Amino acid sequence: MRDGSMIERAPILNAVTHVLMIAGLLIAAFPIYVVFIASTHDLPTVNRVPMPLWPGDHLVQNYATVWNKSDFGAKMINSLIVATGVTIGKITLAALTAFSIVFFRYRARMLVFWAIFITLMLPLEVRIVPTYAVAADVAEPLRWLVWLFGLELGIAPINLLNTYTGLILPLVATATGTFLYRQFFLTIPDTLVEAARMDGAGPLRFFWEHLIPLSRNNMAALATIMFVYAWNQYLWPLLITTDARMATATMQLQKIVPGPLFGQPPVWNEAMAATLLVMVPPLLVVIFMQGAFVRGLVATDK
Amino acid sequence: MAEIAIRNVEKTYGKTAVLHGITLDIADGEFLVILGPSGCGKSTLLRMIAGLEAITRGEIAIAGRVVNALEPRERGCAMVFQNYALYPHMTVAENIGYALKVAGLPKAERERRVAEIARIVGLEAFLARRPSELSGGQRQRVAMGRAMIREPKVFLFDEPLSNLDAKLRVQMRLEIRRLHQRLQATSVFVTHDQIEAMSLADRIVVMNQGRIEQAGPPRLLYTEPATRFVASFLGAPAMNLLPATIVAKDRARMADGTEIALDPGRFVVEIGQAVEIGIRPEDVLIVWPGSEGAHALEVEFTEDMGSSRLIHTRLGGMGFTVLQAAAQIEAEGTLAINLPEDALHLFDAATGLRLRRTGATVGVLASAAA
């Protein structure tokens, strides 16, 4: 109980710590509060200087307007499909690659690991042009490879623009999850693997019946991170979707800010309402997954 | 029948040789203990029998079938690990029954067998718990139950008791012995604890630096250690070893001039030969001061062990311990002792091998009493 006694002996430090903590919370929460206030007034009130800091009476009206005008229902469903797809794809890919890297000894193992690891330094934004080129025609690299061998097979182009697959796949191909899973798998004692082997379990059984249940918390942490990451994606969906029916919620936010006509002030009240709406699903995911998320990152619970 | 035949087995990691040609036969139903210090290769040998380590050279056969190329699950062995290696996400019942689940047994049959095993190892009340909710001894029982349920031909134990506290260790030792009497399965038990080895084994194999030093029944290893290493490793308190030079057929002299009488009929030695004279602390006789052939020793300190007392002294400049029954007279100041000639062990100082009556050195007694 060292921490307990430290607090007893330092009441002033304790108070200072709390003041700092509360100040930090206020600083972090204030912009969100302003967003909320702005979403409860009509446009003239929001544009007044200074903007009032107490809620107005246009809350329901603003939210209803923005929801209907921007078709957020459909956009949210798109975002949900993409975020869920990325999350599931990422976890599957991460668990399988880490399983291979940690539990199997093969020739190019370290090469594979480093190749994956290096992609941590290449976020989507850096490789966005080639990624777009691939998404525009997935068959292109294949055709190229075939051409290298002096062949001409006439492979039909596969276009992923304006598809969920195109939205999801490039976001799945990152190393963060693999790395997280690798670190977790490394903490699993060798004797556990050996005990399973003695009991007759093969690699797949070991993966399904031991590694997956043991990594539940890691999975929750990764799922939370990935869901929020995918939900907040802006650049990639903007680039790959031209069809408004495929637009995601974050893309739609940008379309609300300017006024309906050029030269008009931005409709801040509606934009702020939309912002809060778009924040809700990832917030719910974080709240729902919080316990497992923390356990997964601390990773002492085995 | 599940005898194990180990023939010229070697293990190397890269260029480092860990085992140098081990040959050993383990009889069906035998309880064999492999004893040795850490790093002697005993666990590696066990893991090679289990199929967890590849065999670099040589051959291991279980029940007449060479198993070199077989997966662990095909060898019919069950293993109890030092840290138990229980599945943390499964209940006790699931842990014990896992091998049967893998084998595809129907659920009802599995539950019946798990209940039966739980009764044998005394875990009926804990079947629904997770390993993290169990004490060390209970975890050990789960590990044993998990090994037993497969009704294996061979039980392998990899220092299973070393994580337990002293009292529990003694208790589990008895339970393992009882279990073996009941199941009569061939068992190989690896340990660095010589008391564990002495109390459990039908036969002990002492290993050192990747080689077998001696194999035989515990009593034989204790009374006739083939090498200085075996002599010093078996027995607590350890055997006293006194370096000396043979100066006459019946006499050896230590560096400081202390002379020790030898029975010329028991050893044939050469004058000038460097030897080590061994005597177990309990074989030292305490005599009246001034008796013939008595050595007078300064008592450094004593340790009271309850049923006996350990007296630490020096003889010829070397540390020397004497075990005295507690009922005997108080030993303080000086102690007169006699080294009975028939209790002395003689080892060649250069080779470490036991010197015998014949004068010839006796080599490794591999499978002497199989």
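These exercises with worked solutions concern the strands, cores and hollow spaces of a predicted model.

**Exercise 1. The sheet**

Find the order of the strands in the open sheet of four strands in chain B, and explain why β2 and β5 of chain B each have one side without a neighbour in the sheet.

Solution.
Step 1. Write down the order, which is β2-β1-β4-β5 (chain B), with antiparallel pairing.
Step 2. Look at the ends of that order: β2 and β5 (65-66) of chain B are at the edges.
Step 3. Each of these two strands has a single partner strand, so one of its sides has no neighbour in the sheet.
Step 4. As background, strands of a sheet pair through backbone hydrogen bonds, either parallel or antiparallel.

**Exercise 2. The hairpin**

Describe how β1 and β2 of chain B are joined, and state which residue of their hairpin has a positive phi.

Solution.
Step 1. Locate the strands: β1 covers residues 4-13 and β2 covers residues 16-26, both in chain B.
Step 2. The two strands run antiparallel, and seven bridges join them.
Step 3. Check opposite residues. A5(B) faces D25(B) in β2(B), and Y13(B) is opposite T16(B) in β2(B).
Step 4. Two residues lie between the strands of the hairpin, where G14(B) has a positive phi near 65°.

**Exercise 3. The nonpolar cores**

State which residues of the largest nonpolar core touch the most other members, and which helix gives the most to this core.

Solution.
Step 1. The largest nonpolar core holds 61 residues.
Step 2. Those touching the most other members are F185(A), I4(B), I6(B), I60(B), L156(B) and M207(B).
Step 3. Helix α5 (residues 72-103) of chain A contributes the most to this core, with six residues.
Step 4. Another core, of 42 residues, lies apart from the largest one; F126(B), V142(B), A201(B) and V206(B) are among its residues.
Step 5. Take L156(B) as a case. Leaving out residues up to four places away in sequence, L156(B) touches L46(B), I49(B), A50(B), C77(B), A78(B), M79(B), V80(B) and V188(B).

**Exercise 4. The cavities**

Find how many cavities of 30 Å³ or more the whole structure has, and describe the lining of each.

Solution.
Step 1. The search gives two cavities of that size.
Step 2. The largest cavity has a volume of about 60 Å³. Its lining includes F31(B), F155(B), F157(B) and H180(B).
Step 3. In chain B, β7 (154-158) and α5 (166-183) each supply at least two residues of this lining, and α5(B) gives the most, with four residues.
Step 4. Sorted by class, the lining of the largest cavity has seven nonpolar, three polar and no charged residues.
Step 5. The second largest cavity has a volume of about 50 Å³. Residues of chains A and B line this cavity, including M198(A), D199(A), M79(B) and R146(B).
Step 6. Sorted by class, the lining of the second largest cavity has six nonpolar, no polar and three charged residues.

**Exercise 5. The largest pocket**

State the volume of the largest pocket, and work out which element gives the most to its lining.

Solution.
Step 1. The volume is about 710 Å³.
Step 2. The lining has 25 residues, and V102(A), F103(A), F104(A), V193(A) and R197(A) lie nearest the centre of the pocket.
Step 3. The elements giving two or more residues are α5, α6 (109-118), α10 (176-186), α11 and α12 (203-214) of chain A.
Step 4. Of these, α11(A) gives the most, with five residues.
Step 5. By class, the lining of the largest pocket has 15 nonpolar, one polar and nine charged residues.

Definitions and conventions: Residues are numbered from 1 along each chain as its sequence is written. Chains are lettered from A and ligands numbered from 1 in the order in which they are written. This is a predicted model: local features need pLDDT of at least 70, side-chain atom pairs count only at pLDDT 80 or more; totals for chains, interfaces and linings use all residues. Side-chain values use heavy atoms; hydrogens and water are left out. On a 1 Å grid over the protein atoms alone, a cavity is a set of points where a 1.4 Å probe fits but cannot get out, and a pocket is an open set with protein on both sides within 12 Å along at least five of seven lines; lining residues have an atom within 4 Å of a point. Grid points are joined across faces, edges and corners, and a volume is the space filled by probe spheres set on the points. Ala, Val, Leu, Ile, Met, Phe, Trp, Tyr, Cys and Pro count as nonpolar, Asp, Glu, Lys and Arg as charged, and the others, Gly among them, as polar. Two strands pair if DSSP finds at least two bridges between them. A nonpolar core is a set of buried Ala, Val, Leu, Ile, Met, Phe, Trp, Tyr and Cys residues joined through side-chain atoms within 4.5 Å. Buried means under 20% relative accessible area, exposed over 50%, partly exposed in between (1.4 Å probe, protein chains only). Contact means heavy atoms within 4.5 Å.
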